[in-house]
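Me: I would like to learn how to read cavities and buried residues in a protein model. Could you take me through the general ideas and then the case shown here?

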Amino acid sequence: MNRRVLLGLLVGVVVVLVGAGVWWWRGEQTAAVGAAPGYVGLLAAPNQAGFAQALEPGGIELPADLGAHEDYQTEWWYYTGNLEAADGHQFGFQFTIFRNALTPEMAEGVSESEWRTNQMYMAHFAVSDIGGEAFYAEERFSRGALGLAGAEAAPYHVWLEDWELVEVGEGVVRLVAEGEAMGLDLLLTQTTPPVFHGEDGLSQKGAERGNASYYYSFVQQVAEGTVRIGEERFEVTGKAWKDHEYSTSALSPGAVGWDWFSLQFDDGRALMFFEIRREDGSLERFSSGSLIGAEGEVRDLKVEDWVIEVTDEWRSPHTGAVYPAGWEVAIPSEGLVMRVRPLLADQEWHGTATYWEGAVAFEGEANGVEVSGKGYVEMTGY
């Protein structure tokens, strides 16, 4: 039996052997949102006893914290980027590996099997073919056992089966993922220091103690390699953004979703901010962000520091959900006004989780000087 067949069989029996796995993930999210499944419920799940929590600033140490934190309930390594071929053909990509701990510790005396684990992994891989006006997405599940999925800090390596991120040189990571309809093989090169969001890496999401995550990013990474669409391959270059976030509980009761923006300016700056939406239509006061200078300097943003107006909307033909599809974003203290638009309307995930995650472009002014760039927007709970 070859490795590919074995892995296929494994994925088929994960639900049986790991039990709560996939269906716990879907059920928690559906209950929390009350509509199509997203992954809001994963960050507001009630079964948190015994897990570590993000409590104090300064808790991130690199490179040690590049890998997995199995004592926290939830973790993700999140890569997005905008790519272009020599002929101008544009692409966006998302590659995310999620880790979820089903229990705080491994139960003693139950089984000595090497298949046994309390760590479950899920991967989401999508390519937005802007020129071809098509969105391709695939997901996989596996367990953190037998080398099938995992995350290591030194050397950096995060993987689920043969989808992987692996360090190949100082500050250089290779991203490899091959799906049925699309594929990526990219080298991502770090150009700025890591960005620690919130208070020295502690990103508060709610008023309750422990409703926070440890959160850092690598922005303005140089990306180069190939994109495959069907049988056609494109040599591409562009920019990529990495988020790594881990937590146990990171949302307060009443949260129904969030909008997350990561924007990379052509002049070398970058902007991240998120808005957590509540049932009554208000925004969580702990919504926040980071404005990053071209040399990596960071200004923390609070929700009152920006103004955002939705300028358009799009209704999904798959789920009926109505999403914002255009924004005017202003940071008055920076003299910054930007008009943000999706590069492709339909970039909605509708697999185990339902959310919109897509490539965007923006243009505007900063103190009278023209600015432009590209990035990614994620919207959940619609």
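Reply: On a 1 Å grid over the protein atoms alone, a cavity is a set of points where a 1.4 Å probe fits but cannot get out, and lining residues have an atom within 4 Å of a point. Grid points are joined across faces, edges and corners, and a volume is the space filled by probe spheres set on the points. This is a predicted model, in which local features need pLDDT of at least 70 and side-chain atom pairs count only at pLDDT 80 or more, while totals for chains, interfaces and linings use all residues. Residues are numbered from 1 along each chain as its sequence is written, and side-chain values use heavy atoms, with hydrogens and water left out.

Me: How many cavities of 30 Å³ or more does a search of the whole structure find?

Reply: The search finds two, and the second largest has a volume of about 30 Å³. Its lining consists of Thr80, Gly81, Asn82, Trp241, Ser262, Gln264, Gly375 and Tyr376. Strand S1 gives the largest share, three residues, where a strand is a DSSP run (E, at least two residues), numbered from the N terminus.

Me: Is Gln94 buried or exposed?

Reply: Buried means under 20% relative accessible area, exposed over 50%, and partly exposed in between (1.4 Å probe, protein chains only). Gln94 has 1% relative accessibility, so it counts as buried, and it lies in strand S2, residues 90–101.

Me: Which residues is Gln94 in contact with, leaving aside its neighbours within four places in sequence?

Reply: Contact means heavy atoms within 4.5 Å, and the residues that Gln94 touches in this way include Tyr78, Thr80, His124, Trp349 and Tyr376.

Notes. Helix = DSSP H or I, 4+ residues; strand = E, 2+ residues; numbered from the N terminus. 1 Å grid on protein atoms, 1.4 Å probe; cavity = no way out; pocket = protein on both sides within 12 Å on 5 of 7 lines; lining within 4 Å.
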